[in-house]
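Colleague: Got a minute to go through this one with me? I'd like to work along a helix and then out to the chain contact.

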There are 4 protein chains.
Amino acid sequence: MLKGFNYPLTPKGMSTLNPLPPWYYSADFLSIEFWADPAAVRATLPDGLDPDPAADGHATALFYDWQFSGSKEEFLDPARYQYREFFILLDSLFEGRPVAYCPYIFVDNDAALARGWSQGYPKRLGAIFQTRYYAATGKAGPALAAGAKFAGTISAGGQRLAEGLVTLKKPVKDLAGFSERPVVNLLHYPRLAAGMHGKPAIHQLVENVPHDVKIEQAWAGEGNLALPVCKGEELSDLAPRRCGKGIRASMAYIVDDLKTLKQFAVD
Amino acid sequence: MLKGFNYPLTPKGMSTLNPLPPWYYSADFLSIEFWADPAAVRATLPDGLDPDPAADGHATALFYDWQFSGSKEEFLDPARYQYREFFILLDSLFEGRPVAYCPYIFVDNDAALARGWSQGYPKRLGAIFQTRYYAATGKAGPALAAGAKFAGTISAGGQRLAEGLVTLKKPVKDLAGFSERPVVNLLHYPRLAAGMHGKPAIHQLVENVPHDVKIEQAWAGEGNLALPVCKGEELSDLAPRRCGKGIRASMAYIVDDLKTLKQFAVD
Amino acid sequence: MLKGFNYPLTPKGMSTLNPLPPWYYSADFLSIEFWADPAAVRATLPDGLDPDPAADGHATALFYDWQFSGSKEEFLDPARYQYREFFILLDSLFEGRPVAYCPYIFVDNDAALARGWSQGYPKRLGAIFQTRYYAATGKAGPALAAGAKFAGTISAGGQRLAEGLVTLKKPVKDLAGFSERPVVNLLHYPRLAAGMHGKPAIHQLVENVPHDVKIEQAWAGEGNLALPVCKGEELSDLAPRRCGKGIRASMAYIVDDLKTLKQFAVD
Amino acid sequence: MLKGFNYPLTPKGMSTLNPLPPWYYSADFLSIEFWADPAAVRATLPDGLDPDPAADGHATALFYDWQFSGSKEEFLDPARYQYREFFILLDSLFEGRPVAYCPYIFVDNDAALARGWSQGYPKRLGAIFQTRYYAATGKAGPALAAGAKFAGTISAGGQRLAEGLVTLKKPVKDLAGFSERPVVNLLHYPRLAAGMHGKPAIHQLVENVPHDVKIEQAWAGEGNLALPVCKGEELSDLAPRRCGKGIRASMAYIVDDLKTLKQFAVD
């Protein structure tokens, strides 16, 4: 029997892109809230999700520097498993319940891309960077202090898709407000068989259910985001009309499950 | 309605990893035949495929420099669509019919990875290079002539997985022998839902049916291949016991279909 | 005695970025002529070079897919020595003699960067791509024929710096007009010693003297070039006012010499 | 007057690889001490440096995750200035004084490569990774605690050149022992002019004089290092006979000077 979770399946299960869940994560991240054109948000939502009338186009842009591990110390092979990520979340409603939908996401690692596809994250490859915090601060390393600045950038296919900036004001004392909306994705797998190109093998709304979420070292302040116009890309249709809070923090969690919310008929 | 073939699905269908088929390809390639340990080949084949008793471990390693296009001149955006590839094909039998099974394949581009997964090619990312032929030859550019050498290398996660060399002897006059075995893949899509990690959503044998195949500038000679032992990788289990013919040629074809040979129950 | 040409110098001379010259090259390239703002060209020329009053801002943008070799079959290690390049040449005069000055150049390989610096080419790293020609043509592979299109793009630091397009009209019969202006560079090596940051150790005008230049498969047509505005970059100051001829061809040559035209006092 | 420190020199000085010093740095790093074959160390030292008879082949391998800035908040452009590094230091003597010589060093960024060359660091490009510490710990993010493991890897040209592992034991209380030996490099700039390939324009021993060095969050424990044999590479000649202390810490410093210790005649 061949072994592995994602491709490839092999005799020993070592070459597979990812070990079996549970999957463990730690990260530093930047989060920037913004308000896009509500009509653009509406146009971007899949069937089954509704615009949140209270949201007025409210969305979040996130830059993550991730470290991944399975159960065999995969964090000791950072060339294969460490990665960076950028994504967008749009406030929306599933059957009246507030959720966040991810229309765009980019990573710089294939294992992360494969895990993402298993969760409905529509990942492409990109070149993602964020300013890092180091215990040894200085002009090259901002402190965790009021006025400190952290930037993030993402490019794909050689085009700059987004630029973000978070300017710290104060530590976050109440972590209750984090991640309040569950992430809902469109899990989708197309069919190449002639005549079936528009009839995917899988097409369903799914809800991510990470657990053991930890947030540390969280600071909040002002966020700024730009989504420049690029050839062959639609992300800029969600360009901010205004920006809001910015956050810089560390996070850890575990992923080993996915909930199907709604299956669409595909034949 | 959101548009796109692979992820992401978006209002205009521009951000998607790939346009709808038909998909057009042109390439230069190196092909090296070799004989692996027949027991290793047998262990690598999925259920539904049988070892070819006449093959004695016969296999092929291929390095491709590809250019891709859909119907909108995507070949004019090489940053997004041009790519390089390495893969292995193992002689095997499907219900007694000679086929070639692809257990390992690497590309350096996400659109190519996504198309591959739609076809059952178990692609990971790698850094792939092959010696190029230029019309302006010299010490840096081998001619298409007896004795000329072309090399290929592939690395993934910073480890060198394969090195190949083709030394030309003479032009290939009879193209009949090319690609005689259809490629059969294991199309596989796992499930992250708790309790279902070993029960994929899709698990089937599929046959690739490219058409309008053109071969040009084909030269044949001697092939050499090394598959070094690497940490966390199984490719070296197929290391050559001996090598055979090497080919260097150009190829073009069209992909717009996929045939399901056998569906495995997945619940 | 340590051995090597560029860094590092080592006991056996194998780890060095480049073997000793002569250096051998083969390539495919796109060449696009354009006219920049003559004032921008003037501002970009170093001391010792004068604007060419007949040029009216005339310049050339070039995309190259290179293969390099020293004398030990380095073309068989394409992971280390194959590379892509983009550069700009500005028509100018050295002591009244027509020359071409290179203010901007990008490659995707460190051996190429090191060779370039030895020649005064002010190379930075970039992601460079050009549409390829394959003997097996099709929708993904343009033929060498009237109307065929070849594109080039270059990005650095995740920003798109240039996009070029060549549309073929007819084969070039008379190769006499190629490369008529010798390339003159500003060879420059700074000093980090305190108080000397503005006093380089080397600062001179040098002339490149490649030999055994071969041009093959040359087609000419229409060229188009865009140099978009990017943060922290000045290349766009040379943005085309209009474009002219485009060329797509193969080239080979040998480099083993460099002529100093003018030394500037540096203390 | 054209502006810039490294290439390219341009009208506004924005496109240059690096701003004028002072240069500011913050980093996380792994340090692994080891003992190489003393004869291999001796063969690797340049003229002017002597083996340290007390060292018995003592050397250090270092993995750095750097953030760089000049005086204009360059740390907010991490796509251009953030980088990773691996290097080796060999204990040796300059006129009887204990120093550390750097024979091999790799980075993944061109600005870092250019600054390095200005300091005599013989940098090549590589793919370098190290396990990160995050404030939010877990199975993917080791704590700063006894038994925690941090790994580093470096590949160049697709070959794995080194693998390191540090297992923490206890915090370092006395920082006096850090960086006790100044780094001495061979500053070298070759000449391409015919007949001068073996007569560099610059060839001198230089001493790095960073200042305002800060070390934070330092933990010490056990170090392990492997330097596998690779084609066309000599680093493995320094393969450890045994390994010693491992350190994981953060560091910051400033670079704005370089001392010339000894000039070699070059004509």
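Modeller: Sure, and keep in mind that this is a predicted model. Let's begin at a helix end: B:Asn109 caps the N-terminal end of α3(B).

Colleague: Which backbone nitrogen does the side-chain oxygen of B:Asn109 lie 2.9 Å from?

Modeller: The cap sits at the N-terminal end of α3(B), which covers residues 110-119. The side-chain oxygen of B:Asn109 lies 2.9 Å from the backbone nitrogen of B:Ala111.

Colleague: And what phi does B:Gly120 take, just after α3(B)?

Modeller: B:Gly120 comes just after α3(B) and its phi is positive. The value there is about 85°.

Colleague: How many of the residues of helix α3 of chain B are buried?

Modeller: Buried here means under 20% relative accessible area. B:Asp110, B:Arg115 and B:Trp117 are among the residues that pass. The helix is largely enclosed by the rest of the structure, because the buried count is 10 of the 10.

Colleague: Now the contact: how many salt bridges are there between chain B and chain A?

Modeller: The contact takes 63 residues from chain B and 63 residues from chain A. One of the salt bridges joins B:Glu233 to A:Arg80, with the closest N and O atoms 3.3 Å apart. Between the two chains the count is 4.

Colleague: Which element gives the most to the side of chain B that touches chain A?

Modeller: Several elements of chain B each supply at least two residues to that side, including α1, β7 and β12. The one that gives the most, with 6 residues, is α3(B).

Notes. Residues numbered from 1 in each chain as written. Chains lettered and ligands numbered in written order. Predicted model: local features only at pLDDT ≥ 70, side-chain atom pairs only at ≥ 80, totals over all residues. Heavy atoms only, no water. Buried < 20%, exposed > 50% of the residue type's maximum accessible area, 1.4 Å probe, protein only. Helix = DSSP H or I, 4+ residues; strand = E, 2+ residues; numbered from the N terminus. Polar contact = N/O pair within 3.5 Å; in protein donor to acceptor, adjacent residues only side chain to side chain. Contact = heavy atoms within 4.5 Å. Salt bridge = Lys/Arg side-chain N within 4 Å of Asp/Glu carboxyl O.
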